[in-house]
Amino acid sequence: MDTIGQRFNRLTQLGFPARFPLVQFPNLPLILAFVLGTASRFVTGVDHNYLRAASYLAMTVWAYEELAHGSNWFRRLLGLAFVGILVTRVARAIRS
């Protein structure tokens, strides 16, 4: 019998189209980035900053994983693009 973790890992391997996945089911770092980013919109002050920072960290982990271990050149390029976007966003957040 499969564990929940094994089932989730199989689910995150699903992609469309199957031979050259452009779209895949979100993995754990990407799910965390979305959840934390959304949660940061509903709080203010220090909590907002902590949730936003955690969201950026989760997105950075996802982008690195895509860049280093993406299933094809498109997924690796997507990871590189998001690394650039995240560097820009963090730099802008530091300046403000």
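## Contacts, helices and a nonpolar core

Apart from neighbours within four places in sequence, Ser 55 is in contact with Ala 33, Leu 36 and Gly 37. The model described here is a predicted one, and Ser 55 belongs to its helix H3. With a relative accessible area of 9%, Ser 55 counts as buried, because that value falls under 20%. One of its contacts can be described at the level of atoms, since a polar atom of the Ser 55 side chain lies 2.9 Å from the backbone oxygen of Ala 33.

Ala 33 also belongs to the largest nonpolar core, which has 8 residues in all: Leu 30, Ala 33, Tyr 56, Ala 58, Met 59, Trp 62, Ala 63 and Leu 86. Helix H2 (28-40) and helix H3 each supply at least two residues of this core, and the largest share, 5 residues, comes from H3. In soluble globular proteins, nonpolar side chains tend to be buried together. Tyr 56, one of the core residues, touches Leu 86, Arg 89 and Val 90 when residues up to four places away in sequence are not counted.

Leu 86 is part of helix H4, where Leu 86, Arg 75 and Gly 79 are buried. Helix H4 runs over residues 73-95, and its 23 residues reach 33 Å from the first C-alpha to the last, close to the 33 Å expected at 1.5 Å a residue. At the N-terminal end of H4, Asn 72 acts as a cap, with a side-chain oxygen placed 3.0 Å from the backbone nitrogen of Phe 74. The cover over the buried residues of H4 includes strand S2 and helix H3 (45-69).

Strand S2, which spans residues 23-24, contains Val 23. Is Val 23 buried or exposed? Val 23 is exposed, because its relative accessible area of 53% is over 50%. Not counting residues up to four places away in sequence, Val 23 touches Leu 14, Gly 15, Phe 16 and Arg 75, and Arg 75 is among the buried residues of H4. Val 23 and Ser 71 stand 48 residues apart in sequence, while their C-alpha atoms are 11 Å apart in space.

The table below sets out two distances between atoms.

| Side-chain atom | Backbone atom | Distance |
|---|---|---|
| Polar atom of Ser 55 | Oxygen of Ala 33 | 2.9 Å |
| Oxygen of Asn 72 | Nitrogen of Phe 74 | 3.0 Å |

Notes: Residues numbered from 1 in each chain as written. Predicted model: local features only at pLDDT ≥ 70, side-chain atom pairs only at ≥ 80, totals over all residues. Heavy atoms only, no water. Helix = DSSP H or I, 4+ residues; strand = E, 2+ residues; numbered from the N terminus. Buried < 20%, exposed > 50% of the residue type's maximum accessible area, 1.4 Å probe, protein only. Contact = heavy atoms within 4.5 Å. Expected span 1.5 Å × (residues − 1). Polar contact = N/O pair within 3.5 Å; in protein donor to acceptor, adjacent residues only side chain to side chain. Core = buried A, V, L, I, M, F, W, Y, C linked by side-chain atoms within 4.5 Å.
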